[in-house]
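Grab a pencil and work through these short exercises with the model open beside you. Each one comes with a task and then a step-by-step solution.

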Amino acid sequence: MHLLRKSKSKPKELVEALGAALASLEKSGDAMPNATALVAVGKKLRRIKDTLYSASDADPQKHTEVCKLSHELHEKGLLLLLVQHLDQLDFESKKNVTLIFNNLLHRMVAVHSFCAKPALLFALMTGYERPEIALHCGSMLRECIRFQELAEVILHSDGFIHFFRYIQGSSFIVAADAFSTFKKLLTQHSTLTAEYLSQHYDRFFTHYDQLLRSENYVIRLQSLKLLGNLLFDRHHFAVMMKYISSPNNLKLIMNMLKETSRNIQLEAFHVFKLFIANPTKPSAVLTILLRNQTKLIDFLNRFHIDRGEEFNEDRSFVIMQIQSLRNIEES
C-alpha cells in the first residue's frame with residue numbers, strides 16, 4: 001500500500017520534481033552531466049509517461065489529471081527545457097520525452113500552448129543541427145505537423161528555410177529524416193501549402209532548384225518526386241502555372257529526362273507533361289520546345305517503350321502535342 005501511495009504523486013509535485021532535476025542538468029552546462037540528476041530525470045519521465053499512457057479518455061478523473069499534468073509542464077516550460085537538454089539524456093529518457101510529447105499532442109491538450117509559445121517548435125527544428133537528437137526531434141515535429149495550426153507556425157517561421165540545408169547535410173540518416181519532415185510539411189495541408197508557396201514562390205523555388213541540381217542521387221530523385229506531387233495537386237494550380245511558365249524550369253526538366261537513372265527520367269517525364277499540356281505556353285517556353293521539336297520527338301519515340309500500355313498512352317499524347325506545336329506568330 002505504501003508503494004501504491006508513493007506512485008500517485010500529484011501532477012504539480014511530479015512536474016516540480018522533474019524541474020528540479022533539470023535545473024541540476026542546466027548547472028552542468030556543456031560539462032559532463034550530473035549522474036544523479038540524469039537518473040532523477042529518467043525516473044520522473046517514466047512516471048509522467050506511465051501516467052499519460054495509463055489514462056483513459058472515458059475516465060473523467062484520469063482526463064483531469066492529464067490536463068493538469070499538461071498545464072504544469074507548459075507553465076513551467078519543461079517541455080522546452082527537455083528538448084534543449086535532450087542531448088544530455090540517455091536513450092530511454094529521449095524516447096520517453098518523445099512519447100510524452102506525442103501523447104499530449106494526440107490528446108489535443110498541447111496544441112494551443114505550442115501556438116502561443118512557439119519557441120518549443122523552433123527548438124525542435126534546430127534539433128536537426130545536433131545529430132544525436134535529430135531523429136527524436138524529427139519524430140516530434142512530424143506529430144506537430146498533423147495539426148494545421150502548428151504546421152502553419154513552422155512553415156511561416158524563419159527556420160523553415162533551413163530545411164534545405166538539413167536535407168543536404170553530410171549525415172545520410174539525418175538528411176533523410178529532415179526530408180521526411182519537409183515532405184510532410186508540404187503535403188499534409190494542401191490549402192496551407194498553396195498559400196505559402198504563392199506568397200514565397202521565388203524564395204522557395206530558388207532553394208528547391210538547388211535540390212533538383214544536387215549531386216546526390218537520392219536528393220535529386222526524392223525532390224523531383226515531391227515536385228511532381230506538388231504540381232499535380234489541384235490546390236496548387238496557380239503555383240503550377242507559374243512553374244511551367246518558366247523557360248529555366250523547362251530546361252532543367254528536359255535535362256533530367258536525359259539522366260542515366262531510369263527513375264529520374266520517369267519522374268521528370270511526369271513533370272514535363274505539364275509543360276507540354278499547357279494551352280497558354282509563354283513564347284520563351286514555346287521557343288525552346290520548337291527549337292528542340294525534332295530531337296524531342298525522336299527521343300520520346302525511344303523513351304521507356306517497355307513501361308506498359310498506360311505509360312505509352314501518355315507518351316504518345318506528349319509526342320502528338322509536340323508534333324502539333326506551331327510558332328505563336330504563325331498561328
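**Exercise 1.** Work out where Phe179 and Phe182 sit along the chain, and how their rings are arranged.

*Solution.* Start with the position: both Phe179 and Phe182 belong to helix 12, 3 residues apart, which is about one turn of the helix. Keep in mind that this is a predicted model. Next, check burial. Phe179 has 9% relative accessibility and Phe182 has 0%; buried means under 20%, so Phe179 counts as buried, and so does Phe182. Now the rings: their centres are 6.1 Å apart with the planes at 45 degrees, so this pair is tilted.

**Exercise 2.** Classify the aromatic pair of Phe164 and Phe182.

*Solution.* The structure has 24 aromatic pairs. For Phe164 and Phe182, take the centre-to-centre distance, 5.2 Å, and then the angle between the planes, 70 degrees. Over 60 counts as edge-to-face, and that is the label for this pair. Then look along the chain: Phe164 is in helix 11 (residues 163-167) and Phe182 in helix 12 (residues 172-187), so the pair links distant parts of the chain, 18 residues apart. Finally, Phe164 counts as buried, at 2% relative accessibility.

**Exercise 3.** Describe how helix 9 and helix 10 meet.

*Solution.* First the geometry: the axes of helix 9 (residues 131-145) and helix 10 (residues 148-155) come within 7 Å, crossing at roughly 120 degrees. The two helices are therefore oblique to each other. Next, the residues: Leu141, Cys144 and Ile145 of helix 9 meet Leu150, Ala151 and Ile154 of helix 10. Sorted by class, this contact has 6 nonpolar residues, no polar and no charged ones.

Technical notes
Residues numbered from 1 in each chain as written. Predicted model: local features only at pLDDT ≥ 70, side-chain atom pairs only at ≥ 80, totals over all residues. Heavy atoms only, no water. Axes fitted to C-alpha atoms, helices over the stretch in contact; angles between N-to-C directions. Helix = DSSP H or I, 4+ residues; strand = E, 2+ residues; numbered from the N terminus. Parallel < 35°, antiparallel > 145°, perpendicular 65-115°, else oblique. Contact = heavy atoms within 4.5 Å. Nonpolar A, V, L, I, M, F, W, Y, C, P; charged D, E, K, R; others polar. Phe/Tyr/Trp six-rings, centres within 6.5 Å; stacked < 30°, edge-to-face > 60°. Buried < 20%, exposed > 50% of the residue type's maximum accessible area, 1.4 Å probe, protein only.
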